[in-house]
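Could you walk me through this protein, stop by stop, while I have it open in my viewer? I would like to know what to select next and what I will find there.

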Amino acid sequence: MTRREREDLPAPQRSQARAGPLQGGRLTGDGRWIVVDGRRWRAADPSLPDDVRARLLSHLGAARSAVRTATDPAEVRAARDRVQLAKTGLGERGPAWWDQDDDARRARWEAALEALGG
């Protein structure tokens, strides 16, 4: 996806387009999925406040880095658990964000941030 194409997207989709390995994908019409090379991935919850999204993405990046640099199985497991927490907080894993009410969605990302240490 070119910079110009990203600038033409509404803000939540634009930030999702920059959010990791799914760059270059396209958002489905319902906004629930990103399609990359014919594979469908769940999109992050568009109702996430920008500061919350940024914190969860920061945790996700740090956890992914820790997975790559871990030297023993316990470190790998702990790092992968942190990836899972961050992706759940973003709404990319766990219960589908579109099936949750606003309170459940907020509880999901608040629980993830608390477990990740803020």
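Here is a tour that starts with the whole chain and then moves from one selection to the next.

**The whole chain**

Show the cartoon first, and keep in mind that this is a predicted model. The protein has 5 helices and 3 strands. Followed from the N terminus, the elements run α-α-β-β-β-α-α-α. Of its 118 residues, 33% count as buried. Among contacts with a separation of 6 or more, 52% link residues 24 or more positions apart.

**Colour by confidence**

Next, colour by pLDDT. The average for the protein is 86, and 81% of the residues score at least 70. Which elements have the lowest and the highest mean pLDDT? Helix H2 (residues 11–17) is the lowest, with a mean of 42, and H4 is the highest, with 98. Select residues 11–22: pLDDT is below 50 over this stretch, although the model gives it 24 contacts beyond near neighbours in sequence. Where pLDDT is low, the predicted coordinates should not be read in detail. With that in mind, let us move on to the strands.

**The sheet**

Select residues 26–27, which make up strand S1, then residues 33–36 for S2 and residues 39–42 for S3. Together they form an open sheet of 3 strands in the order S1-S2-S3, paired antiparallel. S1 and S3 are at the edges with a single partner strand each, so each has one side without a neighbour in the sheet.

Look now at how the strands are joined. S1 and S2 are linked by 2 bridges, and Leu27 is found opposite Ile34. These two strands make a hairpin with 5 residues between them, and Gly31 in the turn has a positive phi of about 75°. On the other side, S2 and S3 pair over 4 bridges, with Val36 and Arg39 as bridge partners. The hairpin of S2 and S3 has 2 residues between the strands, and here Asp37 takes a positive phi near 50°.

Before leaving the sheet, show the side chains of S2. Are its faces covered or open? Both are covered: Trp33 and Val35 are buried on one side, and Ile34 and Val36 are buried on the other.

**The tryptophans**

Keep Trp33 on screen and add Trp97 and Trp98; the three form one aromatic cluster. The whole structure holds 2 aromatic pairs. In one of them, the ring centres of Trp97 and Trp98 are 5.1 Å apart and the planes meet at 85°, so this pair is edge-to-face. Trp97 is buried, at 6% relative accessibility, while Trp98 is partly exposed, at 22%.

Now add Arg40. What does its charged end sit over? The answer is the ring of Trp33, with the charged end 3.8 Å from the ring centre.

**A buried arginine**

From Trp97, step across to Arg105, which lies in helix H5 (residues 102–116). Is Arg105 buried or exposed? With a relative accessibility of 12%, Arg105 counts as buried, because the cut-off for buried is under 20%. Beyond its neighbours within four places in sequence, Arg105 is in contact with Asp45, Pro46, Ser47, Trp97 and Gln100.

**The nonpolar core**

Select Leu48, Val52, Leu56, Leu60, Leu90, Trp109 and Leu113. These residues touch the most other members of the largest nonpolar core, which has 13 residues. Helix H3 (50–69), helix H4 (73–90) and H5 each supply at least two residues of this core.

Centre the view on Leu48. Leaving aside neighbours within four places in sequence, its contacts are Arg53, Leu56, Gly89, Leu90, Arg108 and Trp109.

**Last stop: Gly118**

Finish with Gly118, in the segment after H5. Gly118 is partly exposed, with a relative accessible area of 38%. How far apart are Gly118 and Val52 in sequence and in space? They are 66 residues apart in sequence, and their C-alpha atoms are 9.5 Å apart. Outside its neighbours within four places in sequence, Gly118 is in contact with Arg55, His59 and Leu113. One of these, Leu113, is also among the core residues you selected at the previous stop.

How values were computed:
Residues are numbered from 1 along each chain as its sequence is written. This is a predicted model: local features need pLDDT of at least 70, side-chain atom pairs count only at pLDDT 80 or more; totals for chains, interfaces and linings use all residues. Side-chain values use heavy atoms; hydrogens and water are left out. Buried means under 20% relative accessible area, exposed over 50%, partly exposed in between (1.4 Å probe, protein chains only). Two strands pair if DSSP finds at least two bridges between them. Contact means heavy atoms within 4.5 Å. Rings of Phe, Tyr and Trp (its six-membered ring) pair if their centres lie within 6.5 Å; planes under 30 degrees apart count as stacked, over 60 as edge-to-face and the rest as tilted. A charge sits over a ring if NZ of Lys or CZ of Arg is within 6 Å of the ring centre and within 35 degrees of the ring normal. A nonpolar core is a set of buried Ala, Val, Leu, Ile, Met, Phe, Trp, Tyr and Cys residues joined through side-chain atoms within 4.5 Å. pLDDT is the predictor's confidence in each residue, from 0 to 100.
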